[in-house]
Every structure is written in C-alpha cells, then in structure tokens.
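User: I would like a close look at the open spaces in this protein and at the parts of the chain around them. Please take one part as the centre and work outward from there.

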Amino acid sequence: MPDHVRTADGRRLRIEISGDPRGRPVFLLHGMPGSRVGPRPRSLFLYQRGARLISYDRPGYGGSDRRPGRRVADVAEDVAHVADSLGLDRFAVVGRSGGAPHALACAALLPGRVTRAAAMVGLAPRDARGLNWFAGMAPSNVTEFRTAVSDPERFAAGIIPRSERIRENPARLLEELRDDLTADDRLIVSNNTVRSMLLRAYREALRTSPYGWIDDGLAITGTWGFDPASIRVPVLLWHGQEDVFSPASHSAWLAERIPRATAVLEPAAAHFAALRALPRVLDWLLSG
C-alpha cells in the first residue's frame with residue numbers, strides 16, 4: 001500500500017492504513033496537535049469488523065506538506081484526493097477533537113461519497129449564533145483560541161517554541177494538560193498502550209514543523225467555509241459532559257442544527273474518553 005499521495009497542486013499527503021485491506025473504508029481524522037499514527041483500535045478489532053481505517057497527516061503535520069491559509073472546508077478536497085488515489089468511491093469519516101470539525105466538513109461537502117460521519121469531542125464554529133463559545137472551557141484553551149482570533153502572529157509565535165519542546169519530549173504536552181484532566185481522563189492517558197500511542201502521535205505531528213498545529217488553530221477559530229446545517233448524511237455527535245477542552249455545549253449546538261444528527265452525551269466522561277468510545281462509534285459508522 002502507498003504511504004503517501006500527491007494532490008493536484010503537488011502537495012504530499014502522508015497516509016496510514018490499518019485493518020482489513022478489503023474492508024469498508026473509514027477515514028479517521030486526528031486531533032490537534034496530532035498525526036496519522038494517533039490512537040486507534042487494534043488491528044484485530046478492525047479485521048473482525050471488516051473495517052479499513054485510513055488516516056493521514058493534515059497539511060503541515062508529520063509527513064504532509066503545509067497548505068498555508070487552509071480552512072476547515074479544505075479538508076474535503078484532500079480526503080477526496082486520498083480516496084481517489086485508493087480507488088474508493090464511498091466511505092465513512094470520523095474525527096476526534098480538532099479532527100471533528102474536519103469530519104463535519106467532509107459530511108457537508110462530499111454528500112455523494114460520505115455514508116456516515118461522526119464528530120467526537122469537537123467544537124462548533126467560532127461564529128455559532130446563540131452559543132457562548134468559551135463557556136466551560138479551560139482557561140489555557142480560552143487564552144490560546146482568543147489569541148488565534150485577535151492576533152494570529154502572536155498565536156504562531158507562542159506555538160513555535162512550544163512545539164519544539166514537545167517534539168523533544170512529547171510527554172510535556174500531557175503534563176501541560178494534567179491540571180485540567182478529570183480523574184477518568186488521567187486514568188485513560190496513564191494506560192501504557194494509550195500513552196504510547198499519544199506520545200508517538202505528538203512526536204510525529206511536530207517532527208517537521210509547528211505549522212500543522214498553527215494552521216489548525218487558525219482554521220478552527222476562523223470561518224469554516226461550510227454550514228453544518230447543510231449536512232444531509234447521518235451524523236453521530238459524541239461528547240463527554242465533563243470535557244473542558246471542547247465543552248459539550250458545542251455538540252449540543254450542532255445537534256440542534258444538523259438535520260440527521262444523533263447526539264450521545266456521556267455524563268461522567270471527559271475529553272480523552274473519546275478514545276475509549278471510538279470502537280463503538282466505528283460500529284455505528286459501519287452499520288450504515
């Protein structure tokens with residue numbers, strides 16, 4: 001199988017495929033920062049479900065070339081190109097955290113190709129009418145996202161040295177988040193297997209540059225380039241009630257506007273519980 005594809009404008013997109021090579025295709029869109037080698041179910045689970053899981057580094061992360069000024073909507077073009085390169089007509093898509101808005105973009109902009117979409121612990125658009133976007137969000141995230149909106153250059157200037165430190169020692173990112181993690185999230189990220197996958201994903205995400213992270217932050221807080229209300233395919237919105245990185249109110253806002261949305265709210269769960277829920281979400285994606 002190929003480990004990368006070239007887009008029409010010559011950019012390289014690094015891809016990773018796991019599970020049943022003849023299985024039903026599902027795109028897994030990583031978080032922020034993240035990469036194609038992020039947490040996923042074991043290959044045996046994917047084989048048993050007949051699933052072919054496809055991940056790729058968003059532009060600027062890992063082995064993918066940067067796409068300066070990209071919007072959330074631009075993911076649809078890249079996903080379509082990867083699918084075309086693999087000879088795939090129809091597929092499901094799931095995104096976790098920073099990948100969730102990108103999964104919704106695919107659902108909105110590739111309606112003839114996306115069968116079902118899932119957005120896990122995601123955010124709503126920054127201009128979401130009637131939503132207090134920062135309510136319930138950890139102060140560190142509030143500061144970071146507000147800076148991305150008001151002063152993109154200062155936002156980038158802060159991410160660059162931070163990404164260098166995390167690249168040298170990926171565990172620093174989990175340590176930075178520790179004070180905002182619930183007891184359940186701490187238990188999840190302390191699992192040796194999960195922790196190993198997260199650290200590998202962070203290291204690969206920032207291996208070549210900080211610009212995947214920077215461009216993600218600017219895209220998510222900027223104009224997305226599509227209206228979630230235009231989505232017509234079935235969508236699953238999964239969220240933990242205790243999440244302070246992406247507050248559950250964001251999924252509630254989306255659920256009210258996406259016509260065929262099913263919202264699942266886990267009362268005692270938080271942000272990283274999405275990793276535990278992913279196998280169930282994959283089952284839902286494959287059932288359509």
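What volume does the largest pocket have, and which residues lie closest to its centre?

Analyst: The model is a predicted one, and in it the largest pocket has a volume of about 760 Å³. Of the 42 residues that line this pocket, Met32, Pro33, Asn141, Leu177 and Trp213 are the closest to its centre. The elements that give two or more residues to the lining are strand E3 (24-29), helix H4, helix H5 (152-168), helix H6 (171-177), helix H8 (192-205) and helix H11 (273-286). The largest share, six residues, comes from H4. Sorted by class, the lining of the largest pocket holds 19 nonpolar, 15 polar and eight charged residues.

Two of the central residues deserve a separate word, since Met32 and Pro33 are joined by a cis peptide bond, with omega at about -10°. Pro33 is placed in the loop between E3 and helix H1 (43-49), and E3 is one of the elements that give two or more residues to the lining of the largest pocket.

H4, which supplies the largest share of that lining, also packs against another helix. Helix H4 (residues 139-150) and helix H9 (residues 211-221) meet at an angle of about 80°, and their axes are 9 Å apart, which means that H4 is roughly perpendicular to H9. On the H4 side the contact is made by Glu144, Phe145, Ala148 and Val149, and on the H9 side by Trp213, Gly217, Leu218 and Thr221. By class, the residues of this contact divide into five nonpolar, two polar and one charged. Trp213 therefore appears in two settings, for this residue of H9 takes part in the contact with H4 and is also among the residues closest to the centre of the largest pocket.

The second largest pocket holds about 350 Å³ of space. Of the 13 residues in its lining, the closest to its centre are Arg40, Thr193, Val194, Met197 and Leu275. H8 and H11 each supply at least two residues of this lining, and the largest share, four residues, comes from H11. H8 and H11 are likewise among the elements that give two or more residues to the lining of the largest pocket. In the second largest pocket the classes are eight nonpolar, two polar and three charged residues.

Apart from these open pockets, the structure holds one cavity of 30 Å³ or more, and about 50 Å³ of space lies in the largest cavity. Its lining is made up of Tyr56, Arg58, Pro59, Arg67, Arg70, Arg71, Asp74, Val75, Asp78 and His102, which by class gives three nonpolar, one polar and six charged residues.

His102, one of the residues that line the cavity, lies in helix H3 (residues 100-109). This histidine has a relative accessible area of 1%, so His102 counts as buried. Setting aside neighbours within four places in sequence, His102 is in contact with Leu29, Arg58, Arg70, Val72, Val75, Asp216 and Ile220; among these, Arg58, Arg70 and Val75 are also named in the lining of the cavity. The helix that carries His102 is itself mostly covered, with nine of the ten residues of H3 buried. The buried residues are Ala100, Pro101, His102, Ala103, Leu104, Ala105, Cys106, Ala107 and Ala108.

The loop that leads to H3 has a backbone feature of its own. Ser97 is placed in the loop between strand E5 (91-96) and H3, and its phi is near 55°, a positive value in a residue other than glycine. At 13% relative accessibility, Ser97 counts as buried.

Val121 likewise has a positive phi, of about 45°, although it is not a glycine. This valine is found in the loop between strand E6 (114-120) and H4, and with a relative accessible area of 0% Val121 is buried. Beyond its neighbours within four places in sequence, Val121 is in contact with Arg96, Ser97, Trp238, His239, Gly240, Asp243, Ser246, Ala270, His271 and Ala274, so that Ser97 and Val121, each with a positive phi, are in contact. Val121 and Gly31 are 90 residues apart along the chain, and their C-alpha atoms are separated by 9.9 Å.

Methods
Residues numbered from 1 in each chain as written. Predicted model: local features only at pLDDT ≥ 70, side-chain atom pairs only at ≥ 80, totals over all residues. Heavy atoms only, no water. 1 Å grid on protein atoms, 1.4 Å probe; cavity = no way out; pocket = protein on both sides within 12 Å on 5 of 7 lines; lining within 4 Å. Points joined across faces, edges and corners; volume = space filled by probe spheres on them. Nonpolar A, V, L, I, M, F, W, Y, C, P; charged D, E, K, R; others polar. Axes fitted to C-alpha atoms, helices over the stretch in contact; angles between N-to-C directions. Parallel < 35°, antiparallel > 145°, perpendicular 65-115°, else oblique. Contact = heavy atoms within 4.5 Å. Buried < 20%, exposed > 50% of the residue type's maximum accessible area, 1.4 Å probe, protein only.
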